[in-house]
Amino acid sequence: MWYHKPAINEELLQSLPNLKVVASSGVGIDHLDLKLLSRYGVKVSNTPFIVSTDTADMGMALLLASSRRLVEGHEMAVSPDTEYFPADWLGVEVSGATLGIVGMGTIGYKVAERAKAFEMKILYHNRNKRKKEEESAVGAVYCKKIDDLLQQSDFVLLTVNLTPQTHKLIGKRELELMKPTATLINISRGLVVDQDALVEALQNKVIKAAALDVTYPEPLPRDHPLLKLKNVIITPHIGSATKKTRWIMMEEMAESIEAGLAGLPIPREVL
């Protein structure tokens, strides 16, 4: 499976009685009905670890691009209408700012490692608290309640799996808890954010900006209000989109398929 295609539904499973394994690219499995697949005796694999580094890089890239208004700056620099660069055209500082990471798994922790190099203060909210030595290595402080993180952070970065518990985790209430100067960065799944509430928050300056590698649907309809806002950066779900990583993802998928067909233990099997 690539980009969640083909759709693995009951009709497809009935038409493929000899199907043994589904190899899905990437880490997210929210597009798969694992109970249905199990009922048909089909095993599932994904590629969870190889995507971590590139996706963390993407999170920092979005944070920096949004804070320093790189997209707007590029447009100004190349515009045929530009006669001078205004002196009061300013971004916001990253060094010394507070980054709140929601979801401190492999990707979230790699983001924290990068943010530490930018001298950022790091808060995190996670189902489980990290070991003390892991926290100390990046200077991260645990927030048991997400509300505490939202209220203190200058940048809120989302890197959670999409589950029933994280569906629209960030809605109107959560956005209103954030600072009016804060930026929301999403490198997880579009449905982790209530998109209508986000549009309203951005239009009404409840928060300053958003930088999104994921939306719902993908791509957005061309008349969607998010596409018209200057305080939004949207990229086309390219967190893992580097040549080396995509090549390794394909190798891992092929390895899982070969193991499944041979009746061997499947590397990176989703249980």
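Trainee: Before we start, what does partly exposed mean here?
Mentor: Partly exposed is the range between buried, under 20% relative accessible area, and exposed, over 50%. Glutamate 134 has 24% relative accessibility, so that residue counts as partly exposed. Keep in mind that this is a predicted model.

Trainee: Which residue does glutamate 134 meet in a salt bridge?
Mentor: Its partner is arginine 130, with an N to O distance of 3.4 Å.

Trainee: OK, whole structure now. How many salt bridges does it hold?
Mentor: The count is 13.

Trainee: What does glutamate 10 pair with?
Mentor: Glutamate 10 forms a salt bridge with arginine 39, and the closest N and O atoms are 3.4 Å apart. Glutamate 10 sits in helix α1 (residues 10–15) and arginine 39 in helix α2 (residues 34–39), so the bridge ties together parts 29 residues apart in sequence.

Trainee: Is arginine 39 buried or exposed?
Mentor: Exposed, at 58% relative accessibility. Glutamate 10 is partly exposed, with a relative accessible area of 34%.

Trainee: Switching to helix α10. What does glutamate 255 bind to in a salt bridge?
Mentor: Arginine 268, with the closest N and O atoms 3.1 Å apart. That pair links distant parts of the chain, 13 residues apart: glutamate 255 is in helix α10 (residues 243–261), and arginine 268 is in the segment after α10.

Trainee: And what is the relative accessible area of glutamate 255?
Mentor: It is 40%, which is partly exposed. Arginine 268 is also partly exposed, at 22%.

Trainee: Last one. Which residues are linked in a network of salt bridges?
Mentor: Asp147, Arg173 and Glu174 are linked that way.

Notes. Residues numbered from 1 in each chain as written. Predicted model: local features only at pLDDT ≥ 70, side-chain atom pairs only at ≥ 80, totals over all residues. Heavy atoms only, no water. Salt bridge = Lys/Arg side-chain N within 4 Å of Asp/Glu carboxyl O. Helix = DSSP H or I, 4+ residues; strand = E, 2+ residues; numbered from the N terminus. Buried < 20%, exposed > 50% of the residue type's maximum accessible area, 1.4 Å probe, protein only.
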